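Please open the model in your viewer and keep the sequence panel beside it, since this tour proceeds by selection.

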Amino acid sequence: HDLRTPLTSIYGSSSTLISKYDALPKEQQLKLLGEIQEDSEWLIRMVENLLSVTRIQDDTGTVKKEDEVVEEVVSEAIIRLKRRLPDIEIHVSAPEDVLIIPMDPLLIEQVLMNLMENAFIHSESDRPIDLRITENPDTVTFHIIDYGKGIDEQTIPLILKGEYTAPRTSDTHRGMGIGLSICNTIVQAHGGKIAAHNHADGAEFLFTLPKGDT
């Protein structure tokens, strides 16, 4: 469904442009082209997510991990996301000590990008996103906090499993459904856990990774 919907939209918009190009006002042409671009960008993100899952070993459900500096992984995720969303503003806070934990950095970057993009798009807020990194004796936790409308907490288990279908009137499926399901798969493959809840001024998604190899 998540792949078919934008493909159907791209096909419909391009067919209209081809068959009625001369008759369409300039504004309508630009609108259709904008829809094609938006759906194409969504498909690119979806394919990136699906390719990420292929990095997880099917036989064990785990990933190949190397010791990585957390700050460098976070920085690269933000740089990549800003190329896609130039207007996004992210405030990062982390412990002063250098954190090094075993991970597949490309996969964890994908998780961070998915969660920050969701916070930017679905919170419907213009306030900056907070990315807080906290350290416990055996784990490191990444908190992605927005200051928007919050989320329906009853749907969280379904969203994380990829079993939630958004209403037709909502664009929640854009980045919220399969994207979070893949985040969950990646984090679990690292031996970690992902969760979400509302706070007083919005929503928080967080995931925890073990410091030691599992």
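At roughly what angle do the axes of helix 3 and helix 4 cross, and within what distance do they come? Bear in mind that this is a predicted model, and select residues 70–84, which form helix 3, together with helix 4: their axes come within 9 Å and cross at roughly 50°. Because angles from 65 to 115 degrees count as roughly perpendicular and those under 35 as roughly parallel, helix 3 is oblique to helix 4, and the crossing of the two is right-handed.

Next, show the side chains where these helices meet: on helix 3 the residues include Val73, Val74, Ala77, Ile78 and Leu81, and on helix 4 they include Leu106, Ile108, Leu112, Met113 and Met116.

Keep helix 4 (residues 105–122) selected, for it contributes eight residues, the largest share, to the largest nonpolar core. That core has 44 residues, and those with the most contacts inside it are Leu112, Leu115, Met116, Phe142, Ile144 and Phe207. Centre the view on Phe207, which touches, among others farther than four places away in sequence, Ile108, Val111, Leu112 and Leu115, as well as Phe142, Ile144, Val187 and Ile194. A second core, separate from this one, has six residues, including Leu17, Leu32, Ile36 and Leu43.

Finally, select histidine 190, which sits in the loop between helix 6 (177–189) and strand 6 (193–199). Is this histidine 190 buried or exposed? Histidine 190 is buried, with a relative accessible area of 1%, and a polar atom of its side chain lies 2.9 Å from the backbone oxygen of isoleucine 186.

Technical notes
Residues are numbered from 1 along each chain as its sequence is written. This is a predicted model: local features need pLDDT of at least 70, side-chain atom pairs count only at pLDDT 80 or more; totals for chains, interfaces and linings use all residues. Side-chain values use heavy atoms; hydrogens and water are left out. Helices (H or I, at least four residues) and strands (E, at least two) are DSSP runs, numbered from the N terminus. Buried means under 20% relative accessible area, exposed over 50%, partly exposed in between (1.4 Å probe, protein chains only). A polar contact is a pair of N or O atoms within 3.5 Å; within protein, one must be able to donate a hydrogen and the other to accept it, and residues adjacent in sequence count only if both atoms are side-chain atoms. A nonpolar core is a set of buried Ala, Val, Leu, Ile, Met, Phe, Trp, Tyr and Cys residues joined through side-chain atoms within 4.5 Å. Contact means heavy atoms within 4.5 Å. Axes are lines fitted to C-alpha atoms, for helices over the stretch in contact, and angles run from 0 to 180 degrees between N-to-C directions. Angles under 35 degrees count as roughly parallel, over 145 as roughly antiparallel, 65 to 115 as roughly perpendicular and the rest as oblique. A crossing is left-handed if the near helix is turned anticlockwise from the far one by less than a right angle, and right-handed if clockwise.
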